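Work through the three exercises below with the model open. Each task is followed by a stepwise solution.

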Amino acid sequence: MPATAVIGLQWGDEGKGKVIDHLAARADVVVRFAGGNNAGHTVFVGAEKYVLHLIPGGILHHGSINLIGRGVVVNLAALLKEMEGLEARGIPVAERLRIDGRAHLIFPYHMQMDGMAEVWRGAGRIGTTGRGIGPAYSDKVARTGIRLSDLLDPETFRTRLKAAMAEKTAVIEKVYGQVAESYEHLFEETRRAVERLRPLIVDGGALLRHAHAAGKRILFEGAQGTMLDLDAGTYPFVTSSWTGVWGIAGGTGFPPRSLDRAYAVSKAYCTRVGEGPFPTELSGELERRLREQGKEYGATTGRPRRCGWFDAVQARYAAALNGLDGVILTNLDVLYGFDPIRVAVAYRLPGGKVVTEYPAEHPALGEIEPVYEELAGWQDDISGALSFGELPAVTRAYVRFLERQMGVPIASLSVGPGRDQMFDGESAAAASWVKA
Ligand code: IMP
């Protein structure tokens, strides 16, 4: 039975929530391996809208186990709130959710430090989601982090929290001039939270390896996107985790060679939230129209997203790094009325050199000029199309052009937010996708 990965090809917000939901219907285990509640995965079930931040998308389907892997950073208050929200809508969360005890925790001091670090960065700010992601991962790497399993024994937790807070409180109060939360309050609150979660804590890696050996279908749910990856992305304007396929083994305990298939989700254009280079970014009326037609506002922070044309140089790079079996192209319907549609196929570097490979050094990205090809657009509403063949000829030509540019087949397409607004691509990749 396949172990399949679905990750983001661009800067996040590609519509992974819907794609995961589609595959989760057949999965036995759905797993988050990186990031935290900086993510926001939106799923429509009929007219009902669900926004998931930490809990894997399979939670909406009965029959699947949903694992928060060890590579995720968990804000306990946010997790409990998300669980309660789903329970109030009739979803049996405790039955379907498991959390790896090795997952590190986000505490209020991490969020406080996230906000203050942004202030100190001034003009060089990253535009983080303010959820404490960077500071929590920093603590993990510095070996001062606290893991979920550390909470199970009150004395271990007390010792680790005291040690962490002595340093954090000094930084928050003496460097940032802020008031830090009291140790006693945080200790008591966290202890209460962990009692609710205790039955859900597992060794996630072991769970996955056993599930795989038993022939179960496993789905790895990416968060953010390849260009926000700590190593592969537009550093330092990235998140603090490994968002690509390479993050799965480290973030779960599932052996890398056991992964069967990898797909990436990409919009038919580009968006980005937060700061950092974005070569094909639009401005003025074109950007405003794309944002309105695509309802491009962050699911987690509500921030308006920066919008631009599809960047084939970036997409080729991200596709090659992830070693993809196929791409799932989303939001194709959003492009109606744009004519011509432009796609960046190369970059002109400062000095005039034209390259088709993504440049390694990001400072160049701020100054590059995209080299565009223009394609005919369409005026029709395509959100009712039920198959690739029903799309207008110019839309099909656009999809084939992206496919050739990326060098990866488009396995599936999405033309709207609904569960049924999705169909297979025309290439052979569609066939293996159906079995994923
Ligand atoms: P952080 O992950 O909150 O530290 O934010 C770092 C960068 O990643 C910022 O540019 C955020 O806007 C971006 N980011 C984090 N999570 C997401 C996401 O789920 N979608 C899109 N951008 C994100």
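**Exercise 1. Find the polar contacts of the ligand.**

Start with Gly127: one of its backbone N or O atoms is 3.3 Å from a ligand oxygen atom. That fits the definition of a polar contact, a pair of N or O atoms within 3.5 Å. Next take Val273, where a backbone N or O atom sits 3.2 Å from an oxygen atom of the ligand. Then turn to a side chain: an N or O atom of Asp13 lies 3.1 Å from a ligand nitrogen atom. Finally, place Asp13 in its group. The ligand has 16 residues around it (a heavy atom within 4 Å). Asp13, Asn38, Thr129, Thr239 and Arg303 come nearest.

The model is predicted; local features need pLDDT of at least 70, side-chain atom pairs pLDDT 80 or more, while totals for chains, interfaces and linings use all residues. Residues are numbered from 1 along each chain as its sequence is written, and side-chain values use heavy atoms, without hydrogens and water.

**Exercise 2. Describe the setting of Asp114.**

Locate Asp114 in helix 4, residues 108-121 (helices are DSSP runs of H or I, at least four residues, numbered from the N terminus). Asp114 is buried (under 20% relative accessible area, 1.4 Å probe, protein chains only). Now look for a salt bridge, a side-chain nitrogen of Lys or Arg within 4 Å of a carboxyl oxygen of Asp or Glu. Asp114 has none; the nearest side chain of opposite charge, Arg121, is 5.1 Å away.

**Exercise 3. Count the disulfides.**

Apply the cut-off: two cysteine sulfur atoms within 2.5 Å. The count is zero. For Cys270, the nearest cysteine sulfur belongs to Cys307, 9.8 Å away. Cys270 is buried at 0% relative accessible area.

Key
Buried means under 20% relative accessible area, exposed over 50%, partly exposed in between (1.4 Å probe, protein chains only). Lys and Arg count as positive and Asp and Glu as negative; His and the chain ends are not counted. A polar contact is a pair of N or O atoms within 3.5 Å; within protein, one must be able to donate a hydrogen and the other to accept it, and residues adjacent in sequence count only if both atoms are side-chain atoms.
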